[in-house]
Amino acid sequence: MGEIHVHEFMGLDGVIDAPTWTADYGFAPQMAAAIGAATDGSRGILLGRTTYEMFEPAWSKRTVEDDPGAPFFNDTTKYVVSSTLSAATWRNSEIVGPYDPEAISRLKDEVGKLYVSGSGTLVRAMLADGLVDQLHLFVYPLTRGSGPRLFAEGAAPVNVSLAACESYENGVVYLAYRRRA
C-alpha cells in the first residue's frame with residue numbers, strides 16, 4: 001500500500017499561493033534535508049495541472065549542478081491530474097485525467113510513495129477524500145492576507161499527529177504531520 005506525502009510552503013495564515021515570496025527568507029540547509037527526507041523513497045510525483053505547468057519550465061532544464069533536487073524532479077515519473085491538459089511535454093510525465101479519488105487511490109497502491117508539491121486544488125481534494133498520509137509544511141513568519149489556503153473555509157476536519165518539528169535561523173518552521181487512522 002502506497003502513501004501520499006504533501007509538501008507546502010505557507011504563510012502563518014495558511015496561504016499557499018505561488019511561493020515566490022519565500023526567496024526573501026533564504027533557504028536554510030536544514031530545509032533541503034527535510035525536503036530530501038520527504039521525497040526519499042518516492043516512486044512518483046503527483047501534481048495538479050497548474051503546478052505542473054509552473055514546474056516544467058523551471059525544473060526540466062536544471063541539472064544536479066544547478067540544484068541537487070533536479071535529478072529527482074526530472075527522472076521521477078510525474079503523474080499529472082488534469083481535465084484540460086492533453087499532452088505532457090516534460091519527460092517522464094503521464095496525464096492521469098481529471099481528479100478521481102478512486103483513480104488516485106489505485107495509483108497510490110500501484111506506484112507506492114507519491115510526493116506532491118504545491119498543487120493546492122489537488123491537495124485540498126485529496127485531504128477531503130482522506131488520501132493524504134503526511135503533510136510536510138514549511139511555515140514562513142509572515143501572513144499573506146489573501147490567496148488560496150491549504151484548508152479552505154468549511155473544509156472537513158482532518159485528524160493528524162505531529163511527526164516532526166524543526167525551526168530554522170531564517171524564521172521558518174517545519175512541521176510534519178501524519179494522518180491518524
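Select His7 and display its surroundings: beyond its neighbours within four places in sequence, His7 is in contact with Ile35, Tyr115, Val116, Ser117, Gly118, His136 and Phe138. Contact here means heavy atoms within 4.5 Å. The model is predicted, and local features are given only at pLDDT of at least 70 and side-chain atom pairs only at pLDDT 80 or more, while totals for chains, interfaces and linings use all residues. Residues are numbered from 1 along each chain as its sequence is written, and side-chain values use heavy atoms, with hydrogens and water left out.

**His7 and its partner**

His7 is found in strand β1. Helices (H or I, at least four residues) and strands (E, at least two) are DSSP runs numbered from the N terminus. With a relative accessible area of 4%, His7 is buried; the classes are buried under 20%, exposed over 50% and partly exposed in between, with a 1.4 Å probe and protein chains only. Next, show the side chain of Ser117, which a polar contact of 3.4 Å joins to the side chain of His7. A polar contact is a pair of N or O atoms within 3.5 Å; within protein, one must be able to donate a hydrogen and the other to accept it, and residues adjacent in sequence count only if both atoms are side-chain atoms.

**The largest pocket**

Keep Ser117 selected and add Phe9, Pro19, Phe55 and Gly118: of the 46 residues lining the largest pocket, these five lie nearest its centre. The volume of this pocket is about 1,200 Å³. On a 1 Å grid over the protein atoms alone, a pocket is an open set of points with protein on both sides within 12 Å along at least five of seven lines, whereas a cavity is a set where a 1.4 Å probe fits but cannot get out; lining residues have an atom within 4 Å of a point. Grid points are joined across faces, edges and corners, and a volume is the space filled by probe spheres set on the points.

To follow the wall, colour β1 (4-11), α1 (29-39), α2 (49-59), α3 (70-75), β5 (114-117) and α5 (120-128), each of which supplies at least two lining residues. Helix α2 gives the most, with seven residues. Colouring by class shows 22 nonpolar, 18 polar and six charged residues in the lining. Nonpolar covers Ala, Val, Leu, Ile, Met, Phe, Trp, Tyr, Cys and Pro, charged covers Asp, Glu, Lys and Arg, and the others, Gly among them, are polar.

**Salt bridges**

Side chains of opposite charge can pair when their charged atoms come close. The structure holds eight salt bridges, each a side-chain nitrogen of Lys or Arg within 4 Å of a carboxyl oxygen of Asp or Glu.

Select Asp17 and Arg144, which form one of them with the closest N and O atoms 3.2 Å apart. Asp17 lies in the loop between β1 and α1 and Arg144 in the loop between β6 (134-140) and β7 (160-167), so the pair ties together parts that are 127 residues apart in sequence. Asp17 is buried at 19% relative accessible area, whereas Arg144, at 31%, is partly exposed.

Move to Asp133 and Lys108, whose side chains meet in a salt bridge of 2.9 Å, N to O. Asp133 lies in the loop between α5 and β6 and Lys108 in helix α4 (residues 101-111), so this pair ties together parts 25 residues apart in sequence. Asp133 is buried at 8% relative accessibility, and Lys108 is buried at 4%.

Now add Arg179, whose side chain meets that of Asp133 in a salt bridge of 2.7 Å, N to O. Arg179 lies in strand β8 (residues 173-179), so its pairing with Asp133 ties together parts 46 residues apart in sequence. Arg179 is partly exposed, at 33%. Through shared partners, salt bridges join Lys108, Asp133 and Arg179 into one network.

**Two backbone stops**

Select Asn92, in the loop between β3 (78-81) and β4 (93-97). Asn92 is not a glycine, although its phi is positive, at about 60 degrees. Its relative accessible area of 33% makes Asn92 partly exposed.

Then select Ser119, in the loop between β5 and α5. Ser119 also is not a glycine and has a positive phi of about 55 degrees. Ser119 is buried, at 5%.

**Last stop: Cys165**

Finish at Cys165 in strand β7. Beyond its neighbours within four places in sequence, Cys165 is in contact with Tyr174 and Leu175. Tyr177 is 12 residues from Cys165 along the chain, and their C-alpha atoms are separated by 9.0 Å.
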